[in-house]
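Here are my comments on the structure you sent round, set out so that you can follow them with the coordinates open beside you.

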Amino acid sequence: MALIDNELSEPYSIFTYRYFLRNWPQLCYLVFHNDTPFGTVVCKMDVHRDHLRGYVAMLVVDKTFRGKGIGSELVKLSIQQMIAGGCEEVVLEAEVCNSGALRLYHGLGFIRDKRLHRYYLNGIDAYRLKLLLPLSEEKEAQLKAEREAEWALMELQSAGGAKSTEMQEGEAAEAGFPEGVELHATTTVV
């Protein structure tokens, strides 16, 4: 804890660390040199709106070890686990005056999403940074099927007139719906 307390501008209680370590141990890393911790990253992932989102809560590297790529590697390890867990994006906050952190995250592909005024207890603004992650093949196939189903439904609705349409399983598959889907829709087009 001393490593984090000495390097971060925000105070955290032991319960904060326990919360992250207990719920997302696969997203938290601590590196040592001769039994002395000198770097850590603490992250989580959970549902945000309708998708999984990763969050980098803390990244700390002792000043004597900075500039060696350790912070970047710690974040990359967590991001790899977030991708494996199905996250579609990663977010974090960084002080607007912390040029080292902003450079590190920019180098990893993060972009500035918004400025958060007086975000930190010390009154300093923060940038919310966001990294969009590549989709897994499974997630990409799921999204494609959803888009095709929406498109097929729109085509049915735009066919004209007021009508009731019921598709059996085979017809639904031909229209681009996933296997096993039956569509029962009543559409009114004016």
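The numbered points below go from confidence and overall make-up to the sheet and then to the salt bridges.

1. Please keep in mind throughout that this is a predicted model. The mean pLDDT of the protein chain is 82, and 80% of its residues reach 70 or more. Two stretches call for caution: pLDDT stays under 50 over residues 161-169, for which the model nevertheless has 28 contacts beyond four places in sequence, and it is likewise below 50 over residues 181-190, a stretch with 30 contacts beyond near neighbours in sequence.

2. As to overall make-up, the secondary structure of the protein chain comes to six helices and eight strands, which follow one another along the sequence in the pattern α-α-β-β-β-α-β-α-β-β-α-β-α-β. Of the 190 residues, 36% count as buried, while the chain exposes about 12000 Å², with carbon and sulfur atoms supplying 52% of that area. If one takes the contacts between residues at least 6 apart in sequence, 56% of them join residues at least 24 apart.

3. The sheet deserves a description of its own. Six strands form an open sheet of mixed pairing, in the order β1-β2-β3-β4-β6-β5. Its edge strands are β1 (29-33) and β5 (111-116), each of which pairs on one side only, and the twist from one strand to the next averages 20°.

4. At the β1 edge, β1 and strand β2 (residues 36-48) pair in the antiparallel sense over five bridges, and Y29 stands opposite V41 in β2. Helix α3 (residues 70-84) lies across β1, β2, β3 (51-61), β4 (89-95) and β6 (126-132), and runs at about 30° to β2.

5. Turning to charged side chains, the structure holds eight salt bridges. One of them joins the side chains of E89 and K130, at 3.7 Å from N to O. Because E89 lies in strand β4 and K130 in strand β6, this pair ties together parts that are 41 residues apart in sequence. E89 and K130 are both buried.

6. Which residue forms a salt bridge with E93? The partner is R128, and the closest N and O atoms are 2.9 Å apart. This pair, too, links distant parts of the chain, with E93 in strand β4 and R128 in strand β6, 35 residues apart. The cut-off for a buried residue is under 20% relative accessible area; E93, at 14%, is therefore buried, and R128 counts as buried because its relative accessibility is 17%.

7. A salt bridge within a helix is formed by K144 and E148, whose closest N and O atoms are 4.0 Å apart. Both residues lie in helix α5 (residues 137-157), where they are four residues apart, about one turn of the helix. K144 is partly exposed, with a relative accessible area of 46%, and E148 is also partly exposed, with a relative accessible area of 36%.

8. Finally, the salt bridges should also be considered as a group, since side chains of opposite charge can pair when their charged atoms come close. Salt bridges that share partners join R53, E89, D113 and K130 into one network, and this network therefore includes the pair E89 and K130, which links strands β4 and β6.

Key:
Residues numbered from 1 in each chain as written. Heavy atoms only, no water. Pairing = 2+ DSSP bridges. Helix = DSSP H or I, 4+ residues; strand = E, 2+ residues; numbered from the N terminus. Axes fitted to C-alpha atoms, helices over the stretch in contact; angles between N-to-C directions. Contact = heavy atoms within 4.5 Å. Buried < 20%, exposed > 50% of the residue type's maximum accessible area, 1.4 Å probe, protein only. Areas by Shrake-Rupley, 256 points an atom, 1.4 Å probe, with all protein chains shown as cover. pLDDT = per-residue confidence, 0-100.
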